[in-house]
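Thank you all for making the time this morning. I would like to walk you through one structure, beginning with its metal site, moving on to the sheet, and ending with the pockets.

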Amino acid sequence: MRCPYCRHPDSRVVDSREADDGQLIRRRRSCPECGKRFTTVEEAVLAVVKRSGVTEPFSRTKITTGVRKACQGRPVDDDDIALLAQKVEETVRAKGAAEVPSHDVGLAILGPLRDLDEVAYLRFASVYRSFESLSDFEREIETLRAAAAARLEGTAHAVVNAETRTK
Ligand SMILES: [Zn+2]
């Protein structure tokens, strides 16, 4: 590894430590030329297999870009999108596989995006699930309504339970 300070082409590892439950290794390195120390991080490359069979390295930026497109004009800020992309990466990496189908990455986006903004979710789902007609949208909206109603009911139950408990 080249020294980032003096560009010397070699460096010496002085310490290695696992981080993130063994997902990555941090190495402390020392430059024999200028004596400065720096840290490198080693992590297995997660490959995404596209439908065509072509693989490409997993990219959080790609997720951010896709989700931002779906969120255009919606009250969603960059922090929300960054957090969502982080969640998606965690979900995908948690499977522990070296390769994931791009389909699974899309699936991992749908859940958190639905929680974030339903309109953005519909836009994303329509592309991802290749909606072909209005009835595809109608079905998805029905599902969203049912989920929202279930959430409301859940909240109502929680309130009732809380009230019963305080009595
Ligand atoms: Zn150096």
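How are the donor residues of the zinc ion spaced in sequence? They follow the pattern C-x2-C-x24-C-x2-C, and before I go further I should say that what you have in front of you is a predicted model. Cys-6 lies in the segment before strand 1, whereas Cys-31 lies in the loop between strand 2 and strand 3, so this pair ties together parts of the chain that are 25 residues apart in sequence. The protein donors are the SG atoms of Cys-3, Cys-6, Cys-31 and Cys-34, and they lie 2.3 Å from the zinc ion. The angles that the 4 donor atoms subtend around the zinc ion run from 107 to 114°, which makes the arrangement tetrahedral. For reference, the ideal angle for four tetrahedral donors is 109.5 degrees.

Let me turn now to the sheet. It is an open sheet of 3 strands in the order 1-2-3, and the pairing is antiparallel. Strand 1, residues 12-19, and strand 3, residues 37-43, stand at the edges with a single partner strand each, so that one side of each has no neighbour in the sheet. On average, and ignoring direction, neighbouring strands of this sheet are turned by 25° against each other.

If we take the pairings one by one, strand 1 and strand 2 are joined in the antiparallel sense over 7 bridges. Within this pairing, Arg-12 stands opposite Ser-30 of strand 2, and Asp-15 has Arg-28 of strand 2 as its bridge partner. The two strands form a hairpin with 4 residues between them, and in the turn Asp-20 has a positive phi of about 55°.

Strand 2, which covers residues 24-30, pairs with strand 3 in the antiparallel sense, over 7 bridges. Arg-28, which we have just met as the partner of Asp-15, has Thr-39 as its bridge partner in strand 3, while Ile-25 is matched there with Glu-42. The hairpin of strand 2 and strand 3 has 6 residues between the strands, and in it Gly-35 takes a positive phi near 80°.

That leaves the pockets. Which residues lie nearest the centre of the largest pocket? They are Ser-102, Gly-106, Ile-109, Phe-124 and Tyr-128, out of 23 residues that line this pocket, and its volume is about 700 Å³. Several elements supply at least two residues each to this lining, among them helix 1 (60-70), helix 3 (102-116) and helix 4 (118-128), and strand 4 (47-49) and strand 5 (55-57) do so as well. By residue class, the lining of the largest pocket divides into 12 nonpolar, 5 polar and 6 charged residues.

The second largest pocket holds about 200 Å³ of space, and its lining divides into 2 nonpolar, 2 polar and 6 charged residues. Helix 2, residues 78-94, gives the most to this lining, with 5 residues. Among the lining residues of the second largest pocket are Glu-89, Glu-90 and Arg-93, together with Asp-20, which is the residue with the positive phi in the turn between strand 1 and strand 2.

Methods:
Residues are numbered from 1 along each chain as its sequence is written. This is a predicted model: local features need pLDDT of at least 70, side-chain atom pairs count only at pLDDT 80 or more; totals for chains, interfaces and linings use all residues. Side-chain values use heavy atoms; hydrogens and water are left out. Two strands pair if DSSP finds at least two bridges between them. Axes are lines fitted to C-alpha atoms, for helices over the stretch in contact, and angles run from 0 to 180 degrees between N-to-C directions. On a 1 Å grid over the protein atoms alone, a cavity is a set of points where a 1.4 Å probe fits but cannot get out, and a pocket is an open set with protein on both sides within 12 Å along at least five of seven lines; lining residues have an atom within 4 Å of a point. Grid points are joined across faces, edges and corners, and a volume is the space filled by probe spheres set on the points. Ala, Val, Leu, Ile, Met, Phe, Trp, Tyr, Cys and Pro count as nonpolar, Asp, Glu, Lys and Arg as charged, and the others, Gly among them, as polar. Donors are N, O and S atoms within 2.8 Å of the metal (3.2 Å for Na, K and Ca); water is not among the atoms, so sites may look incomplete. Four donors count as tetrahedral if all angles lie between 85 and 135 degrees; four count as square planar and six as octahedral if opposite donors are over 155 degrees apart and all others between 65 and 115; anything else is irregular.
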